[in-house]
Amino acid sequence: MALVLHSGSGNKNAYKALIAAEYCGINVELAKNFEMGVSNKTPEFIKMNPLGKVPVLETPDGAVFESNAIARYVARSKGDNVLYGSSLIDYAHVEQWMDFAATEVDTNLARWLYPRLGYWPYIPPSEEAAIAGLKRALDALNTHLASNTFLVGHAVTLADIVMTCNLYHGFARILTKTFTSEFPHVERYFWTMVNQPNFKKVIGEVKQADAVPAVQKKAAAPAPAKPKEVKKEAPKEAPKPVVEALEEEAPKPKAKNPLDLLPPSKMVLDDWKRLYSNTKSNFHEVAIKGFWNMFDPEGYSLWFCEYKYQEENTVSYVTMNKVGGFLQRMDLCRKYAFGKMLVIGSVPPFKLKGLWLFRGQEIPKFVMEEVYDMELYTWTKVDLSDEAQKERVNAMIEDLEPFEGEALLDAKCFK
């Protein structure tokens with residue numbers, strides 16, 4: 001008995017098994033005349049998957065549902081497995097990236113796309129959370145792919161098949177070029193994968209979405225017909241006082257960021273950021289002196305940071321990508337912070353060091369909780385009574401070179 005896949009022909013979850021079958025030389029046939037909403041409601045189908053969901057793989061030994069489980073079954077159907085790598089750690093990494101593709105990429109894509117298509121209720125804050133979660137996932141993926149052609153090892157594995165099928169759903173429906181250009185290594189990876197012969201045979205030509213789908217508005221329900229009023233003469237009563245206006249319950253105010261509750265500061269952060277950006281010459285005399293004139297040591301604090309694992313920074317562009325990803329994830333505190341990150345050295349290992357200005361006297365709690373990079377750095381508060389530390393602050397703001405005796409490979413600003 002051939003393996004029969006019950007699904008429509010355009011289902012990205014079905015593509016996983018079909019592409020795996022191409023790599024393994026397994027014969028998997030799509031069920032004939034399958035009609036979504038009809039075929040998956042029959043008693044025979046419900047016996048295979050009680051939820052009535054697709055895809056379902058019919059095998060000689062019984063049915064398998066859930067797309068990743070089906071893909072695993074197909075990949076393991078041959079003894080000389082080419083899709084799980086060549087070692088136990090390869091196998092673990094394949095499983096790792098398959099889980100990542102499901103929980104971090106596919107889940108957030110669905111939370112963004114399906115409400116816009118009208119399948120789920122559209123709630124703007126939920127959409128914002130989905131986009132933020134997806135960006136965080138793609139940033140992590142982008143960093144990994146900066147130094148890797150494939151997710152695991154040096155050839156296509158099941159992890160690449162699952163990841164690409166999940167990304168395909170996004171690229172084709174909602175991820176525009178403007179969005180994906182932030183993740184160039186993910187772009188390179190995706191287009192490389194979908195143009196592999198075994199992928200192309202199943203998926204065909206892929207066209208990237210031109211625009212984010214508009215939110216589908218449900219048509220308003222027709223107003224019920226008003227019953228004809230039968231006038232009845234009401235008994236005369238003593239006049240009652242008229243309530244001229246009803247107070248509506250005031251909407252609950254949005255919870256304020258604790259930093260907004262601090263005493264006012266004489267330092268206006270946006271003024272400093274403008275001065276920094278607009279100073280094109282005589283930087284030390286204008287911007288550096290301007291910073292110390294504006295700086296409010298009661299309302300703001302300065303912090304040095306140093307990467308804990310400098311010995312890992314052996315590839316220049318990977319090291320710079322670490323900084324880029326970190327700064328992207330710091331976006332949630334842009335209103336309250338200014339930062340400089342330096343990549344130091346002309347030969348590996350390169351050093352990552354930074355200077356940050358934060359509102360308040362401590363590093364904001366929500367930053368420590370939300371930005372996982374923070375724990376990768378050692379943080380030291382600047383002692384403003386130490387002139388040497390203040391000079392180091394100046395050098396980092398100014399990108400002064402050499403810095404601590406070494407050349408600067410790169411300098412990035414968060415403002």
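This passage goes through the pockets, the cysteines, the backbone oddities and two buried residues of the structure above.

The model is a predicted one, so a few ground rules apply: local features need pLDDT of at least 70, side-chain atom pairs count only at pLDDT 80 or more, and totals for chains, interfaces and linings use all residues. Residues are numbered from 1 along each chain as its sequence is written, and side-chain values use heavy atoms, with hydrogens and water left out.

Pockets come up first. On a 1 Å grid over the protein atoms alone, a pocket is an open set of points where a 1.4 Å probe fits, with protein on both sides within 12 Å along at least five of seven lines; a cavity is a set from which the probe cannot get out, and lining residues have an atom within 4 Å of a point. Points are joined across faces, edges and corners, and a volume is the space filled by probe spheres set on them. With that in hand, the largest pocket comes out at about 730 Å³. Its lining takes in 25 residues, and those nearest the centre are Asn11, Asn13, Val54, Pro55 and Tyr114. Four helices, α1 (12-24), α3 (67-75), α4 (88-116) and α6 (158-173), each put at least two residues into this lining. Helices here are DSSP runs (H or I, at least four residues), as are strands (E, at least two), both numbered from the N terminus. Sorted by class, the lining of the largest pocket has nine nonpolar, 10 polar and six charged residues. The classes are simple: Ala, Val, Leu, Ile, Met, Phe, Trp, Tyr, Cys and Pro are nonpolar, Asp, Glu, Lys and Arg are charged, and the others, Gly among them, are polar.

The second largest pocket has a volume of about 530 Å³. It is lined by 14 residues, with Ala132, Arg136, Gln328, Arg329 and Asp331 closest to its centre. Two elements, α5 (124-145) and α12 (316-329), give two or more residues to this lining, and α5 has the largest share, with six. The class split for the second largest pocket is four nonpolar, two polar and eight charged residues.

On to the cysteines. A disulfide is a covalent bond between the sulfur atoms of two cysteines. In practice, a pair of cysteine sulfur atoms within 2.5 Å is counted as one, and the structure holds zero of them. For Cys305, which is in no disulfide, the nearest cysteine sulfur belongs to Cys333 and is 12 Å away. Cys305 is also buried, at a relative accessible area of 3%; buried means under 20%, exposed over 50% and partly exposed in between, all with a 1.4 Å probe and protein chains only. Cys413 is likewise in no disulfide, and the nearest cysteine sulfur to it, again that of Cys333, is 13 Å away. Cys413 counts as partly exposed, at 25% relative accessibility.

The backbone has a few quirks. Pro348 and Pro349 are joined by a cis peptide bond with omega about -5°, and Pro349 sits in the loop between β6 (337-344) and β7 (351-359). Another cis peptide bond links Glu401 to Pro402, with omega about 0°; Pro402 belongs to the loop between α14 (387-398) and β9 (408-414). Asn33 has a positive phi, near 55°, despite not being glycine. Asn33 lies in the loop between β2 (28-30) and α2 (43-48) and is exposed, with a relative accessible area of 76%. Asn282 also has a positive phi, near 50°, and is placed in the loop between α10 (269-278) and α11 (283-294).

Two buried residues round things off. Lys340, in strand β6, counts as buried at 1% relative accessibility. Its side chain makes polar contacts (N or O atoms within 3.5 Å; within protein, one must be able to donate a hydrogen and the other to accept it, and residues adjacent in sequence count only if both atoms are side-chain atoms) with the side chain of Tyr276 at 3.2 Å and with that of Asp399 at 2.4 Å. Leaving aside neighbours within four places in sequence, the residues in contact with Lys340 (heavy atoms within 4.5 Å) include Lys353, Met396, Lys412 and Cys413. Gly345, in the loop between β6 and β7, is buried too, at 3% relative accessibility. With the same neighbours left out, Gly345 is in contact with Phe350, Glu406, Ala407 and Leu409.
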